[in-house]
Amino acid sequence: TELLIEKPYEKIKVIDICKNANIPRSTFYYHFNDKNELLQFGIKKISGEITTEVMEIEADNFPDYADQLKNISLNYLKEYENVYSALAKNDKEIVSLKIICNMIKEDIKEKIHDEYTDNGSDISIDFTIEFIIGGYENLARYWFKNNDRYSLADVKNTLLVSKPFLV
């Protein structure tokens, strides 16, 4: 994380990682082939944590689910602010955020499918989920790039104001 704050990912070398971690290069290469593999490992670890939390949400209806998802998302933003802010300033896509959002989309589809189909709703589940998760993803990406201007409280207030539109 410290290295990502200091310089763009592309400019970080394995030797920089080893010096920062105080390990020999041979130890690094024993575990990873290159810095990209290390980044993928870190992303999977972080992504797995939030995905597990989201998969464990138990709610009787979609508005309750969305509220719990919002709380998990805000906690996640706070916990990994430094990592994602550093990545966001140098990576427009923030690959790990996309991975997480795709996992969450699948979970939401599974959890709300019956609620929408049982009510005879003609609202497209896929469209609704893309709208909601896309909003969360874009808000997170925007905040990571601009967290020097906006606080996490600003993000929370934005989500509270937009709640009627999301459920």
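A residue counts as buried when its relative accessible area is under 20%, and as exposed when that area is over 50%. Keep those cut-offs in hand for the views below, all of which come from a predicted model.

**View 1. Isoleucine 72 sits in helix H5.** With a relative accessible area of 12%, isoleucine 72 is buried, because the cut-off is under 20%. Look across to glutamate 53: the two are 19 residues apart in sequence, yet their C-alpha atoms are 7.3 Å apart in space. Glutamate 53 turns up again in View 4, as part of a charged patch.

**View 2. Helix H5 shown from end to end, residues 62–79.** How far apart are the end C-alpha atoms of H5? They are 25 Å apart. That agrees with the 26 Å that 18 residues should span, because each residue is taken at 1.5 Å. Plenty of side chains here are tucked away: the buried residues of H5 are Phe62, Tyr65, Ala66, Leu69, Lys70, Ile72, Ser73, Leu74, Tyr76 and Leu77. Note that a lysine, Lys70, is on that list.

**View 3. Tyrosine 65, another residue of helix H5.** Buried or exposed? Tyrosine 65 is buried, since its relative accessible area is 2%. Isoleucine 108 is 43 residues from tyrosine 65 in sequence, while the C-alpha to C-alpha distance between the two is 8.6 Å.

**View 4. A patch of negative charge on the surface.** Which residues gather in this patch? They are Glu53, Glu56, Glu58 and Glu79. To find one of them, glutamate 56, go to the loop that links helix H4 (35–55) to helix H5 (62–79). Glutamate 56 has 55% relative accessibility and so counts as exposed, given that the cut-off is over 50%.

**View 5. Asparagine 22 and its positive phi.** Asparagine 22 lies in the loop between helix H2 (14–21) and helix H3 (25–31). Its phi is about 60°, although asparagine 22 is not a glycine. For context, most residues other than glycine have a negative phi. Asparagine 22 is also exposed, because its relative accessible area comes to 71%.

**View 6. Phenylalanine 144 in helix H8 (residues 125–146).** Phenylalanine 144 counts as buried, because its relative accessibility is 0%. Tyrosine 84 is 60 residues away along the chain, but 6.2 Å separates its C-alpha atom from that of phenylalanine 144.

**View 7. Stepping back to the whole protein chain.** What are the elements of the chain, from the N terminus on? They run α-α-α-α-α-α-α-α-α, which gives nine helices and zero strands. Of the 167 residues in the chain, 39% count as buried; tyrosine 65, isoleucine 72 and phenylalanine 144 from the close-ups are among the buried ones.

How values were computed: Residues are numbered from 1 along each chain as its sequence is written. This is a predicted model: local features need pLDDT of at least 70, side-chain atom pairs count only at pLDDT 80 or more; totals for chains, interfaces and linings use all residues. Side-chain values use heavy atoms; hydrogens and water are left out. Patches are made of residues with over 30% relative accessible area and no salt bridge: like charges are joined within 9 Å, nonpolar side chains (Val, Leu, Ile, Met, Phe, Trp, Tyr) within 5 Å. Accessible areas come from the Shrake-Rupley method with a 1.4 Å probe; for residues, only the protein chains shown count as cover. A salt bridge is a side-chain nitrogen of Lys or Arg within 4 Å of a carboxyl oxygen of Asp or Glu. Lys and Arg count as positive and Asp and Glu as negative; His and the chain ends are not counted. The place of a charge is taken as NZ of Lys, CZ of Arg, CG of Asp or CD of Glu. Helices (H or I, at least four residues) and strands (E, at least two) are DSSP runs, numbered from the N terminus. Buried means under 20% relative accessible area, exposed over 50%, partly exposed in between (1.4 Å probe, protein chains only). The expected span of a helix is 1.5 Å times one less than its number of residues.
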